[in-house]
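Q: I'm new to this structure and would like a close look at one small part of it. Here it is, and my question follows.

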Amino acid sequence: MSVEHWVDLRCHPSTRPEAVHAIRVLICRSASAELRMTFRLDGDIPRICVSSSAVPGIATELWRHTCFEAFISVEGQTAYHEFNFAPSGEWAVYSFCGYRNGGPFANEMMRPHIAVRSAGSRLELDAVVRLDVLSAIHPRASLRIGLSAVIEASDGHSYWALRHPAGKPDFHDADGFALLLEASGTEL
């Protein structure tokens with residue numbers, strides 16, 4: 001059984017994007033150990049800088065441009081994984097044992113499935129992550145999830161997240177992992 005929820009990302013108060021009106025995420029944790037996310041950006045799409053299509057694969061520094069992100073930790077643990085999904089199909093995975101204590105986890109087994117659609121004033125990116133490749137615990141544990149986006153537009157960068165800590169944008173702050181996905185379903 002799986003449960004779906006729409007959640008809204010909020011723009012960090014230090015940035016005032018004109019090109020982006022809203023970002024919502026549909027998230028679903030399936031019984032088959034998949035975490036499915038649809039990032040939906042509404043705005044002036046021609047003003048959004050989207051990397052041209054590339055050969056889907058591992059890349060670095062995707063967060064410097066338009067990129068959608070998911071942070072996944074087992075409830076009660078400080079370790080977490082960061083996934084970056086670019087509209088070009090490129091992706092990256094990072095593994096951390098604590099706050100920013102870690103680095104790239106370049107393993108093709110971690111490859112997410114990414115699909116992108118754009119029409120009118122909407123850009124959507126679907127990403128599917130296999131929880132069972134993170135660890136044997138992830139598919140059956142309660143998870144803390146942080147969802148975020150860095151959007152590069154003609155009017156500059158904006159930073160979006162479920163919850164922002166005080167100060168500058170910092171998606172690695174565990175206080176931003178604001179969504180609890182129970183092992184038996186999804187709860188906010």
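Is Ala33 buried or exposed? Please tell me about its surroundings too.

A: Keep in mind that this is a predicted model. Ala33 is buried, because its relative accessible area is 10%, and the cut-off for buried is under 20%. Ala33 sits in the loop between strand E2 (20-29) and E3. There's something else to look at here: Ala33 isn't a glycine, yet its phi is positive, about 70°. Most residues other than glycine have a negative phi.

You'll find another positive phi further along, at Arg100, which isn't a glycine either and has a value near 55°. Arg100 also belongs to a loop, the one between strand E6 (91-98) and strand E7 (101-104). Arg100 is partly exposed, though, with a relative accessible area of 44%.

Now back to Ala33 and the strand that comes after its loop. Strand E3 covers residues 34-43, and Asp42 is part of it. With a relative accessible area of 17%, Asp42 counts as buried. Leaving out residues up to four places away in sequence, Asp42 touches Val20, His21, Ala22, Ser121 and Arg122.

Next, have a look at Met37. In the largest nonpolar core, which has 40 residues, Met37 is one of those with the most contacts inside the core, along with Phe85 and Leu147. Strand E10 (residues 143-153) gives this core its largest share, 6 residues. If you set aside sequence neighbours within four places, the contacts of Met37 include Val25, Leu26 and Ile27. Phe85 and Leu147 are also among the residues that Met37 contacts, as are Ala70, Leu125 and Val129. There's a second, separate core as well, with 13 residues, among them Leu62, Tyr80, Ala86 and Phe177.

Another residue worth picking out is Glu69, in strand E4 (residues 67-74). Glu69 counts as buried, at 2% relative accessibility. Beyond residues up to four places away in sequence, Glu69 touches a list of residues that includes Phe39, Trp63, Glu82, Phe85, Leu147 and Phe171. So what about Ala22, which we met as a contact of Asp42? Glu69 and Ala22 are 47 residues apart in sequence, and their C-alpha atoms are 16 Å apart in space.

For an exposed residue, try Ala119, in strand E8 (residues 113-119). Its relative accessibility is 56%, so Ala119 counts as exposed. From Ala119 to Glu182 you go 63 residues in sequence and 34 Å in space, C-alpha to C-alpha.

Finally, step back to the whole chain. The protein chain has 0 helices and 12 strands. Its radius of gyration is 15 Å, close to the 16 Å that the globule rule gives for 188 residues, so the chain is as compact as a globular protein of that length. Along the principal axes, the C-alpha atoms fill a box of roughly 45 × 35 × 30 Å. Buried residues make up 49% of the 188 residues. Of the contacts with a separation of 6 or more, 61% are between residues 24 or more positions apart. The chain exposes about 8800 Å², and carbon and sulfur atoms supply 51% of that area. As for charges, the mean positions of the 17 positive and 22 negative ones are 2 Å apart.

Note on methods
Residues numbered from 1 in each chain as written. Predicted model: local features only at pLDDT ≥ 70, side-chain atom pairs only at ≥ 80, totals over all residues. Heavy atoms only, no water. Helix = DSSP H or I, 4+ residues; strand = E, 2+ residues; numbered from the N terminus. Rg over C-alpha atoms; globule rule 2.2 N^0.38 Å. Buried < 20%, exposed > 50% of the residue type's maximum accessible area, 1.4 Å probe, protein only. Contact = heavy atoms within 4.5 Å. Areas by Shrake-Rupley, 256 points an atom, 1.4 Å probe, with all protein chains shown as cover. Lys, Arg positive; Asp, Glu negative; His and termini not counted. Charge placed at Lys NZ, Arg CZ, Asp CG, Glu CD. Core = buried A, V, L, I, M, F, W, Y, C linked by side-chain atoms within 4.5 Å.
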